[in-house]
Amino acid sequence: MQGKAQLSDSNRRIMEVDAPPRRVYQAWKGSNLFLLGGRLIFGPDVRSLVLTVCLIVTPVIFFAAAVCPQLGHEFHNQIGGWVASVAVIFTVYILVVLLLTSGRDPGIIPRNAHPPEPEDIGESSNLPDWPGGQHGSAGLPLTRDVLVNGISVKVKYCHTCMLYRPPRCSHCSICNNCVERFDHHCPWVGQCIGKRNYRFFFLFVSSTTLLCIYVFAFCWVNLKRIMDMHECKIGGALLKSPISGLLIVYTFIAVWFVGGLTSFHLYLVSTNQTTYENFRYRYDRKTNPYNLGVVQNFMDILFSRVPSSKNNFRAKVMEDSAAFTSSLSMGRVLSPAKMSVDLEMGMKRQAVAAEDLEDLHSQIGSAMGLERCGTEPPHFVGRKGCSEISSDIEAFAEEFGMERGFSERKKIERRTNDGS
C-alpha cells in the first residue's frame, strides 16, 4: 500500500503540469499587491492611499458645498459655480495623477533566476570591497565600476535579485524589488518612486500645492466679502462662515507640507538628483555625473518619453514539475519529466530524458529480478509481494508511455524462465 500511495502522489504531481499556468503577478517574489488581474501594481502599504484620497477629497467637498454657494450669493452671479467646477475638475486630475503614481510599475528590474557567471563580470569588478576579502555566492564581487558620462560609478550586486544593479538603481526594503532610478518609497502613495512614475509623483505634489492655494485664496475672498457686506470684523465673518475658517487653517498647514515637498523636488530636478542620492551622497556640481544643466535636466526628467516596463505581469509562467520519487522507495530521486507544449496543434507531449529512461529500466530490471525469485527475501517479510510490486511498476510505466517496452521486456523474462 505504501508503494501505491507514493505512486498516486507522483501521479498528482505530474497531473499538475496539465493545470493552467500561473501569471507573472501570481508568482511574483516581491511584496507588491496586484489588482485587476495584474494590471495595477501597488506597494504593500497601499492602504495609506485611502487616507491620502480622503485628505484631498474631503476639504474639496466642503469647499464646493459650503463656501462656493456663499460666494455666488454674495457676488450675485455664477462665480460660485465656476469656482466649485474648477476645484472639482482639478481634484479629479490630481486623483488620476495619484493613480498613475501609485498603480503602475515604478521601474522594477526583473530578478535573475541564477546569479551571473563570474567570467561575465570582466575586469571592472572590485574584489577588495568584500569584508575580509571574501566573495559572495558563486565568487561574485560586491561592486563593479561603470562609466557614466566619463565618470566611474560603482554599482552593487544585489543578493536578493541576483544581479548587478544599474546606475541609480537601489533595492527597496519595503517592496523587496530593485527599482531603476530609485528616488524613495512614499508611504502616502503606497509605492516606490522611480524612473517610470517620478514625473507623475512630481505632478501630484505640485498640483496638490496649487489646489491648496486655490482653496485658501477663495476662502479668504469669501471672508473678506462677508466683512464688507455686513461691516464686521474677522471674528464676525468666521461666525457666518466657519467652514471658510477651517479650510484656511487646513490648507495653510497642508501647503507647508506639499509646498515644501514641491520646492525640494524642484531643486532635485534642476540638479538631476534623487532623494536617495541627495541624502546619501551629497552631490555637488563637480561630482554629480548626471547633472546636464538645468534646462536639460528638466527636459530629461519631466519631458522625456516614459520607458516601457521591463515586466509583463500578465504573461504566463510555465513552471517545471517537481522532482518525484519512484514507487519502489529506493531512495533515488528521478529528474522531473520535461513537458513541451505544441501551441499550433493544441496538444501536449511528454518526453523523458535518456538518462531518466535508463534509470527506469535499471529499477524495473531489479524489480523483475525479485519477481523471478518466486519467493521474497527475508527483509521483505511484512511488506508487499513481488506481484504487487510488478503491478505498481506497470502502472508507473504506463504514465510515461513505456507500456510497450515494459511488456516486451516481461515476455523476454518469461521465455528465459521457461527455457531454464
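## A salt-bridge network

Glu180, Lys195 and Lys310 are joined to one another in a network of salt bridges. The model in which this network appears is a predicted one. Across the whole structure, a search finds 5 salt bridges. Side chains of opposite charge can pair when their charged atoms come close.

Within the network, Lys195 pairs with Glu180, and the closest N and O atoms of the two are 3.6 Å apart. Lys195 belongs to the loop between β11 (191-193) and α4 (198-230), while Glu180 belongs to the loop between β9 (177-179) and β10 (184-186), so the salt bridge ties together parts that are 15 residues apart in sequence. The two partners may also be described by their accessibility. Lys195 is partly exposed, with a relative accessible area of 39%, whereas Glu180 is buried, at 17%. Glu180 is classed as buried because its value falls under 20% relative accessible area.

## A buried pair between distant parts of the chain

Arg168 forms a salt bridge with Glu277, and their closest N and O atoms are 2.8 Å apart. This pair links distant parts of the chain, the two residues being 109 residues apart. Arg168 is placed in the loop between β7 (163-164) and β8 (170-172), and Glu277 is placed in helix α7, which covers residues 275-280. Both Arg168 and Glu277 are buried.

## A pair within helix α4

A further salt bridge is formed by Lys224 and Asp228, with the closest N and O atoms 3.1 Å apart. Both residues belong to helix α4 and are 4 residues apart, so about one helical turn separates them. Lys224 is partly exposed at 44% relative accessibility, and Asp228 is likewise partly exposed, with a relative accessible area of 46%.

## Annotated transmembrane regions

An unreviewed UniProt entry lists residues 49-67, 79-101, 200-223 and 243-269 under "transmembrane region". Two of these ranges are described here. Over residues 49-67, the model is 100% helix and 0% strand, and the C-alpha atoms at the ends are 27 Å apart. Over residues 200-223, the chain is again 100% helix and 0% strand, with the end C-alpha atoms 35 Å apart.

## A nonpolar surface patch

Leu51, Leu55, Trp188, Tyr250 and Phe257 make a nonpolar patch of about 470 Å² on the surface. Helices α2 (48-75) and α6 (242-271) are the elements that give two or more residues to this patch. Leu51, one of the contributors, is found in helix α2. At 48% relative accessibility, Leu51 counts as partly exposed.

## Cysteines

The structure holds 0 disulfides. Cys158 is in no disulfide, and the nearest cysteine sulfur to that of Cys158 belongs to Cys178, at 3.6 Å. Why is this pair not counted as a disulfide? The sulfur of Cys178 is 3.6 Å away from Cys158, whereas a disulfide requires two cysteine sulfur atoms within 2.5 Å, and therefore the pair does not qualify.

Cys158 has a relative accessibility of 2% and counts as buried. Cys54, by contrast, is partly exposed, with a relative accessible area of 40%.

Notes. Residues are numbered from 1 along each chain as its sequence is written. This is a predicted model: local features need pLDDT of at least 70, side-chain atom pairs count only at pLDDT 80 or more; totals for chains, interfaces and linings use all residues. Side-chain values use heavy atoms; hydrogens and water are left out. UniProt positions are given in the numbering used here, feature names are shortened, and annotations may be inferred rather than shown by experiment. Buried means under 20% relative accessible area, exposed over 50%, partly exposed in between (1.4 Å probe, protein chains only). A salt bridge is a side-chain nitrogen of Lys or Arg within 4 Å of a carboxyl oxygen of Asp or Glu. Patches are made of residues with over 30% relative accessible area and no salt bridge: like charges are joined within 9 Å, nonpolar side chains (Val, Leu, Ile, Met, Phe, Trp, Tyr) within 5 Å. Accessible areas come from the Shrake-Rupley method with a 1.4 Å probe; for residues, only the protein chains shown count as cover.
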